[in-house]
Amino acid sequence: MSKIATLEIDGNKYEFPIIEGTEKELGIDIKTLRGVTGGVTTIDPGYKNTGSCVSGITFLDGEKGVLRYRGYSIEELAEKADFLEVAYLLIFGELPTAAELEKFDRDIKEESHVDEDMKKILDGFPKSAHPMGVLSSLTSALIAFNPGSVDVDSEEEMYNAIVKILAKFPVLAAWTMRKRKSLPLDYGDNSLGYVQNLHKMMFARPNKAYESNNLVYDALDKLLILHADHEQNCSTSTVRIVGSSHAGLFASLSAGMSALWGPLHGGANQAVIEMLEAIKEDGGDTAKYIAKAKDKNDPFRLMGFGHRVYKNFDPRAKIIKTSAEEILEDLGIEDPVLDIAKGLAKVALEDEYFIQRKLYPNVDFYSGIIYRALGIPTEMFTVMFALGRLPGWIAQWREMRLRKEPIGRPRQIYIGENIRPFVKVENR
Ligand code: CMC
């Protein structure tokens, strides 16, 4: 029997259906709330208790530390799949057959050129510009070179827009890094796989043979998979809400990138390494920084710790920690910040403040250590997150369009002045 929630306001009772998800999650369906109550709304800053949609893409259980894409555990995907397969799975709902994967790969490669005039736009940015700002602008600029709007009723148009952005975004990301390093812009090599080509586009030198490295490719592949989707987080919700106005895919993605940039979201991976470096410079006293994080008069937060939905270990952080240890060993790198990170985590996990608030290391805590070992500059860390999250954003945008969701437009409760007469400037 379906469940019902009853709400009582001033002695009047209202009933609302309760929706049950496939993993037994319950949500009170308040679509009719304002209508039946004569305008009563809900208030939930930060949407801590609000479900914005039903979705069939990603399941996560923050209490148990579970994350699955389309029903497949993140642990299994990180170990056995490659990034392009996961992208296909997220966007289209099923793992691709060999023929589907081959076609997807071919279609992406077919679109992997970027209009030469885009280079002029990139050139307009100062070298010191943060890559996330440059990249969200370049993604927006791509609209000018690919102006056709996507017809939501046409699977074909949607598919074309999807392969275009999956193809062009890594080129733009690599160019953004190369421009900072004063290197010539490189087009990569379509005979390579998606992740290998991304690496080549980022690192190939004009005067040196490019060396492939499977250890590096595997580490990158895993990181991209682990970042590929995370249901209705800040940037994904941004992509969905922008797309809900029928803005095109590239415009929605560009907005999502701006949301990801913030240090409380994807920007945390850069902030973590900067924090670990600062602790190292300061003599490596982790206890001092734990005390700062607990001090309510100190704005310092332990970056890479805590999560809106995980009240247990972030399953991605567990995989990344092991992976960081392995890659550093395999590449023969000794990075003292890994020890500082492990020391911080140990102290925090035994501290009452962190235990009580259920604060655990999140995906960003160890990822920067791997990026650094791979030679990726700190300011590019959030770009790496964006490269991974791209298929998730696309999948969520596509789902929102296919479900014909209404424009996103929350309500508010007004707490400003009541009506008052205008006073001319000379009388104020
Ligand atoms: N260091 C110290 N205290 C913290 C931290 C932290 N990193 N995170 C949360 N708290 C405290 C917070 O002060 C609050 O304490 P109290 O109840 O005494 O006021 C309590 O824990 C709950 O925190 P909140 O800010 O209300 O929780 P939230 O769900 O609004 O915020 C968060 C989640 C991720 C923004 C927050 O934990 C944070 O700022 N973490 C550091 C930034 C970070 O690592 N972000 C990456 C998130 S994972 C990647 C992604 O998907 O974006």
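Me: In this predicted model, a polar contact is a pair of N or O atoms within 3.5 Å; what makes the approach of Leu264 to the ligand such a contact?
Reply: A backbone N or O atom of Leu264 lies 2.9 Å from a nitrogen atom of the ligand, and because the cut-off for a pair of N or O atoms is 3.5 Å, the pair counts as a polar contact.

Me: How do you know that Leu302 and Lys48 also make polar contacts with the ligand?
Reply: For Leu302, a backbone N or O atom lies 2.7 Å from a nitrogen atom of the ligand, while for Lys48 a polar side-chain atom lies 3.3 Å from an oxygen atom of the ligand; both values are within 3.5 Å, and therefore both pairs qualify. Taken alone, the ligand exposes 940 Å², of which the protein buries 78%.

Me: Which residues of the shell are the closest to the ligand, and how does the shell divide by type?
Reply: The ligand is surrounded by 22 residues, the closest being His265, Arg301, Leu302, Gly304 and Arg308, and the shell divides into ten nonpolar, six polar and six charged residues.

Me: Why is Thr58 called buried?
Reply: Thr58, which lies in strand E4, has a relative accessible area of 10%, and because buried means under 20%, the term applies. The C-alpha atoms of Thr58 and Arg70, twelve residues apart along the chain, are separated by 5.7 Å.

Me: Why is Ile43 called exposed?
Reply: Ile43, in the loop between helix H1 (33-37) and strand E4 (58-61), has a relative accessible area of 56%, which is over the 50% that the term requires, so Ile43 is exposed. Together with Ile413 and Ile415, Ile43 forms a nonpolar surface patch with about 360 Å² of accessible area.

How values were computed: Residues are numbered from 1 along each chain as its sequence is written. This is a predicted model: local features need pLDDT of at least 70, side-chain atom pairs count only at pLDDT 80 or more; totals for chains, interfaces and linings use all residues. Side-chain values use heavy atoms; hydrogens and water are left out. A residue is near a molecule or strand if one of its heavy atoms lies within 4 Å of it. A polar contact is a pair of N or O atoms within 3.5 Å; within protein, one must be able to donate a hydrogen and the other to accept it, and residues adjacent in sequence count only if both atoms are side-chain atoms. Accessible areas come from the Shrake-Rupley method with a 1.4 Å probe; for residues, only the protein chains shown count as cover. Ala, Val, Leu, Ile, Met, Phe, Trp, Tyr, Cys and Pro count as nonpolar, Asp, Glu, Lys and Arg as charged, and the others, Gly among them, as polar. Patches are made of residues with over 30% relative accessible area and no salt bridge: like charges are joined within 9 Å, nonpolar side chains (Val, Leu, Ile, Met, Phe, Trp, Tyr) within 5 Å. A salt bridge is a side-chain nitrogen of Lys or Arg within 4 Å of a carboxyl oxygen of Asp or Glu. Helices (H or I, at least four residues) and strands (E, at least two) are DSSP runs, numbered from the N terminus. Buried means under 20% relative accessible area, exposed over 50%, partly exposed in between (1.4 Å probe, protein chains only).
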